[in-house]
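Let's walk through this structure together, one piece at a time. Keep the view open beside you and turn it as we go.

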Amino acid sequence: MDVLWSPWRYAYITGGPTEKQGCVFCNILNNSASDEDNFILKRAEFNFVILNIYPYSTGHLMVIPYQHAGSLAALPKSTSDEMMDLVKTSEKALVETYSPDGLNLGLNLGKAAGAGVDGHIHMHALPRWVGDANFMTAIGQTRTIPETLPTSFEKLKVHF
Ligand SMILES: [Zn+2]
């Protein structure tokens, strides 16, 4: 499935870290770019919150532990507890910002389960609207992203 109009994607592919260079999320934490340039909305004690640069829908963000671990069970309780607290904050932020019809909140562990980045757990949070992807998916295997990442970042940042 293709994503229409994602200008950040080109910059990411040409300028961002690749799998060969290690974990994408660890590299984001270790690069020299500003949090704004990395779309990091919040750095908490054990986790950070970041916009997904390949959003499935507008406002698609992720809550990610600093610890490189591929399993929820492998995380210390302090980390997973804070992760869930940040998911709650994310839920509120997405509802207040976008007034969606629904939300997807979830973890994909392992490539077989759909994880885009294997080995470093990340909780997705994204707003959904009735029929948001169905029409374009039905006619063209394409979904539309009606807002740029910097705009989403500005709108969501105030909630964290
Ligand atoms: Zn990692």
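A good place to start is a hairpin: S2 and S3 form one, with three residues between them. These names refer to DSSP runs numbered from the N terminus, where helices are H or I runs of at least four residues and strands are E runs of at least two. S2 and strand S3 (residues 47-51) run antiparallel and are joined by three bridges. Two strands count as paired when DSSP finds at least two bridges between them. Within this pair, Lys42 stands opposite Val49 in S3.

Before going further, please note that this is a predicted model, in which local features need pLDDT of at least 70, side-chain atom pairs count only at pLDDT 80 or more, and totals for chains, interfaces and linings use all residues. Residues are numbered from 1 along each chain as its sequence is written.

Now widen the view to the sheet. The hairpin strands belong to an open sheet of five strands in the order S2-S3-S4-S6-S5, with antiparallel pairing. Strand S2 (40-43) and strand S5 (102-107) each have a single partner strand, so one side of each is left without a neighbour in the sheet. On average, neighbouring strands here are turned by 15° against each other, direction ignored. Such angles are taken between axes, which are lines fitted to C-alpha atoms (for helices over the stretch in contact), and run from 0 to 180 degrees between N-to-C directions.

What lies across this sheet? Helix H4 (residues 77-98) lies across S3, strand S4 (61-65), S5 and strand S6 (123-128), at about 15° to S6. Val87 sits in helix H4, and it counts as buried because it has 22 C-beta neighbours inside 10 Å. The cut-offs are 20 or more other C-beta atoms within 10 Å for buried, 12 or fewer for exposed, and partly exposed in between, with C-beta atoms placed from the backbone. Leaving aside residues up to four places away in sequence, Val87 touches Val63, Leu105, Met123 and Ala125; a contact means that the C-beta atoms, placed from the backbone, lie within 7 Å. Val87 and Met123 are 36 residues apart in sequence, yet 7.8 Å apart in space, C-alpha to C-alpha.

Helix H6 (residues 149-157) has buried residues too: Leu149, Ser152 and Leu156. They lie on the same side of H6, because they cover an arc of only 60° around the axis, the arc being that of the directions from the helix axis to the C-beta atoms. The face turned away from this buried side carries the exposed residues Thr151 and Glu154.

Stepping back, the protein chain has six helices and seven strands, and buried residues make up 24% of its 160 residues.

How confident is the prediction? The mean pLDDT (the predictor's confidence in each residue, from 0 to 100) is 84 for the protein chain, and 79% of its residues reach 70 or more. Confidence is lowest in helix H1 (residues 7-15), at a mean of 42, and highest in S2, at 98. Over residues 1-19 the pLDDT is below 50, and this stretch has 20 contacts in the model beyond near neighbours in sequence. Residues 135-139 also have pLDDT below 50, with four such contacts.

Note on methods: Two residues are in contact if their C-beta atoms, placed from the backbone, lie within 7 Å.
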